[in-house]
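Reader: I'd like to learn how to read a few features off a structure. Could we start with the cysteines?

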Amino acid sequence: MAAIPSCPQCGLDNTYADGALWICPDCAHEWTEEEGAEAEAGLVVRDSNGNPLAAGDTVVVIKDLKVKGSSIPLKQGTVIRNIRLVEGDAEHIEGNSDKIKGLVLKTQFLRKA
């Protein structure tokens, strides 16, 4: 019998198979066997729609964000070019907008352009 994998999103072991998908009832994340193997091989950074992100990609902000240390908010639709992935962290990326430099953004507020 194959070992039951832990959830790649929350890390809990309370998962079960449903056809071709693995499901985590704690965070409602669903993934395939291939996605699970990909996540175990290395950290996969994904945008709000689930698309994988890589260093150098361009992303778009999906909602207005307040920026700490700046009086200028980051508006919806702002383009962030040449992103950098944060080492060991699948939830954050680094990048620069036209007006604000040195941003660290959560991937849940971004989509791949």
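Author: Sure. Start with the cut-off: a disulfide is a pair of cysteine sulfur atoms within 2.5 Å. Keep in mind that what you're looking at is a predicted model.

Reader: Okay, so how many disulfides does the structure hold?

Author: Zero. Take C27: the closest cysteine sulfur to its own belongs to C7, and at 3.6 Å that is too far for a bond.

Reader: And C27, how accessible is that residue?

Author: C27 has a relative accessible area of 31%, so it goes down as partly exposed. C24, on the other hand, is buried, at 0% relative accessibility.

Reader: Let's move on to charges. What can side chains of opposite charge do when their charged atoms come close?

Author: They can pair. For a salt bridge, you look for a side-chain nitrogen of Lys or Arg within 4 Å of a carboxyl oxygen of Asp or Glu. This structure holds two salt bridges.

Reader: Which residue does D57 pair with?

Author: With K112; their closest N and O atoms sit 3.6 Å apart. D57 is in the loop between β5 (52-53) and β6 (59-61) while K112 is in strand β10 (residues 110-112), so the bridge ties together parts that are 55 residues apart in sequence.

Reader: Are those two partners buried or exposed?

Author: It's a mixed pair. D57 counts as buried, at 16% relative accessibility, whereas K112 counts as partly exposed, at 34%.

Reader: What about the salt bridge of E94?

Author: E94 meets R84, with 3.6 Å from N to O. E94 belongs to strand β8 (residues 92-96) and R84 to strand β7 (residues 79-85), so this pair links parts that are 10 residues apart in sequence. As for accessibility, E94 is partly exposed at 29%, and R84 is partly exposed too, at 37%.

Reader: Last one: backbone angles. Where is A28 found, and what is its phi?

Author: A28 is in the loop between β2 (21-23) and β3 (30-32). Its phi is near 65 degrees, which is a positive value in a residue other than glycine. A28 is also exposed, with a relative accessible area of 61%.

Reader: And what is the phi of N82?

Author: Near 50 degrees, again a positive value in a residue other than glycine. N82 is found in strand β7, the strand that also holds R84. At 54% relative accessibility, N82 counts as exposed.

Methods:
Residues numbered from 1 in each chain as written. Predicted model: local features only at pLDDT ≥ 70, side-chain atom pairs only at ≥ 80, totals over all residues. Heavy atoms only, no water. Helix = DSSP H or I, 4+ residues; strand = E, 2+ residues; numbered from the N terminus. Buried < 20%, exposed > 50% of the residue type's maximum accessible area, 1.4 Å probe, protein only.
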